[in-house]
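Reader: I am new to this one, and I would like to understand the words used to describe it. Could you show me the structure and then take my questions?

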Amino acid sequence: MPTIAGPSSSPRKHIVAARSENIGGIRSAEVNTPRKRKLRSDSAAEIAATVVSTPMKWKSPRRCAVSSPRTLKEEVKEDSNEKLESPVISAVKNQFDCLDVKSKWNPRDDDQMKAVKEALHVSKAPSTVVCRENEQKRVLEFVKGCMEEKKAGSLYICGCPGTGKSLSMEKVRQQAEDWAKQEGLPCPETVSVNCTSLTKTTDIFSKILGEIETGKKANGSSSPLQQLQILFSQKQKSSSSKMMLIIADEMDYLITRDRGVLHELFMLTTLPFSRCILIGVANAIDLADRFLPKLKSLNCKPLVVTFRAYSMEQILRILQERLLALPFVAFQSKALELCARKVSAASGDMRKALCVCRSALEILEIEVRGSTDQEPQIPIPENQMVKMDHMVAALAKTFKSPVVDTIQSLPQHQQIIVCSAAKAFRGSKKDRTIAELNKLYIEICKSSTITPAGITEFINMCTVLNDQGILKLSHARDDKLKRVSLRVDEADITFALKEIRFFRNCLL
Ligand SMILES: Nc1ncnc2c1ncn2[C@@H]1O[C@H](COP(=O)(O)OP(=O)(O)OP(=O)(O)O)[C@@H](O)[C@H]1O
Ligand SMILES: [Mg+2]
């Protein structure tokens, strides 16, 4: 007899219960229900974190456009026929395809596999940051200007996640130091802080003070902010008058209710003897307008440099640049193009593009290992690269719709109800009564010798599916006469359940 969660169970409990259930004719091995993911954007990070042990930044939940699995499949067809004739793409592609001839790529070689994974790891800083030359130039010019004139100033850098802001700031810091040396100027004192690492927002001031005061005793009676204010309000001795480059990454973490810390930080650049070149980095485009209006009246509104989401061509170029450093070719160019196209359409987040590629590589790795385990004597076809199908699977894994996740996490009897509903509402029928849906559910159960749940349990399960936003139940005095309609796309149901043969047959 199947285990059906009782009416008092919360929808969440139903999901949890689904993990260990093995009911009727559905074998748990076949069910293969994936774990419910907590945060959509974290899933990609999880994929990456499982492969290489290098530490990875744990991102806060990010919004990201979702591509339905249906559209992905349709697009793959288009992608495989479509010709990309952008000059940038063809130039890099030609270079890439030339390497293809010479490549000795062997996916069974652990060292080679490790090298590709590392090249695609987010924590691997590339030697050159391509596609961000203009933004870096603007920031560097600003820093140079301040250093030449010994003038304080502030700049705000904004842009969506994974658009190369932090990476570019690290490059700008190096470039500014190199330039100062070249010009015979004193090297700026640099404070580079990721504000998420601060225990409390005001710690930003101790960090800045710590950089200036190295070797000196801190003044215990006044706060670090007060000490900085005093310091930048008095004329400095020439020996300690180096400019100070402050890079406050993830600056939105400094937002307090009264915006006090942010204001004070920017205000440091307005003090008469300030030497602060402040660069604040965050995602919000309008942070400077929303949170710092006071600064405008005080004449210290920062300059703003926006990092736009990467385009398809830029993502492709970055991926290829990173892979060109390797002496072999592990990815088919079409597969990389598909990744770039999908990621740019969804969010333009480079972190995501790298994670998708690494995930596709893992899929190839599993495939290659599987074939060697089964038939060790059969050689793997030469040059087995990451191809379109690997990339399609990786993209589907990363951009899977939350509806698909929810359906896959349901207990099996609820999945049968969802499957019955998908069948019931095919064609023109928009709604049916609970009794009609129950009839279909019983038919499906019996077709596979599964014992169906009783009508009360069935109604309870429909209520849970209503709460989950999968079904919609109308009000009626008699439960059996309640009308049921489907709130999710049939394509999502088919995609979610396609791995289970039982459901695949049902939905034929
Ligand atoms: N132009 C580029 N060239 C090579 N790799 C890049 C480029 N831009 C981004 N990346 C890769 O993507 C990762 C994420 O970039 P970065 O950390 O700079 O994003 P960000 O804009 O600071 O994002 P967030 O707003 O989430 O902090 C980098 O660690 C790097 O591996
Ligand atoms: Mg960043």
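Author: Here we go through some terms and the values behind them.

Author: This is a predicted model, in which local features need pLDDT of at least 70, side-chain atom pairs count only at pLDDT 80 or more, and totals for chains, interfaces and linings use all residues. Residues are numbered from 1 along each chain as its sequence is written, while chains are lettered from A and ligands numbered from 1 in the order in which they are written.

Reader: How many helices and strands does the protein have, and what makes a stretch count as one?

Author: The protein has 23 helices and eight strands. Helices (H or I, at least four residues) and strands (E, at least two) are DSSP runs, numbered from the N terminus.

Reader: Why is Ser206 called partly exposed?

Author: A residue is buried if 20 or more other C-beta atoms lie within 10 Å of its own, exposed if 12 or fewer, and partly exposed in between, with C-beta atoms placed from the backbone. Ser206 has 18 C-beta neighbours inside 10 Å, so it counts as partly exposed. You will find Ser206 in helix α9 (residues 203-212). Its C-alpha atom is 9.4 Å from that of Gln227, and the two residues are 21 apart along the chain.

Reader: What makes helix α18 largely enclosed?

Author: Helix α18 (residues 402-409) has eight residues and six of them are buried, so the rest of the structure largely encloses it. Those buried residues are Val403, Val404, Thr406, Ile407, Gln408 and Ser409. In the protein, buried residues make up 37% of the 508 residues.

Reader: How do you know that strand β1 is mostly covered?

Author: Strand β1 (residues 153-159) has seven residues, and six of them are buried.

Reader: What makes β1 and β4 a pair?

Author: Two strands pair if DSSP finds at least two bridges between them. Six bridges link β1 to strand β4 (residues 276-282), in the parallel sense, so the requirement of at least two is met. Leu155 stands opposite Ile279 in β4, and Cys158 has Ala282 as its bridge partner there. β1 also pairs with strand β5 (residues 303-307), again in the parallel sense, over five bridges. There, Tyr156 is partnered by Val304.

Reader: Why are β2 and β5 said to stand at the edges?

Author: The open sheet of five strands has the order β2-β3-β4-β1-β5, with parallel pairing. β2 (189-194) and β5 each have a single partner strand, so one side of each is left without a neighbour in the sheet. The twist averages 15° from one strand to the next; axes are lines fitted to C-alpha atoms, for helices over the stretch in contact, and angles run from 0 to 180 degrees between N-to-C directions.

Reader: Which helix lies across β1, β3, β4 and β5, and what counts as a contact?

Author: Two residues are in contact if their C-beta atoms, placed from the backbone, lie within 7 Å. Helix α7 (residues 133-149) lies across these four strands, β1, β3 (244-249), β4 and β5, and runs at about 155° to β5. Helix α9 packs on the sheet too, touching β2 and β3, and makes about 155° with the direction of β2.

Reader: What is the strand order in the open sheet of three strands?

Author: The order is β6-β8-β7, and the pairing is antiparallel. Its edge strands are β6 (431-433) and β7 (471-473), each pairing on one side only. The twist averages 30° from one strand to the next. Three bridges join β7 to strand β8 (residues 483-486), and Leu471 stands opposite Leu486 in β8. Helix α20 (residues 434-447) lies across β6 and β8, at about 85° to β6.

Reader: Which residues come nearest to ligand 1, and what makes a residue near?

Author: A residue is near a molecule or strand if its C-beta atom, placed from the backbone, lies within 6 Å of it. Around ligand 1 there are 19 residues, of which Pro161, Gly164, Lys165, Ser166 and Leu167 come nearest. Helix α8 (165-183) and helix α16 (350-374) each supply at least two residues of this shell, and α8 gives the most, with three.
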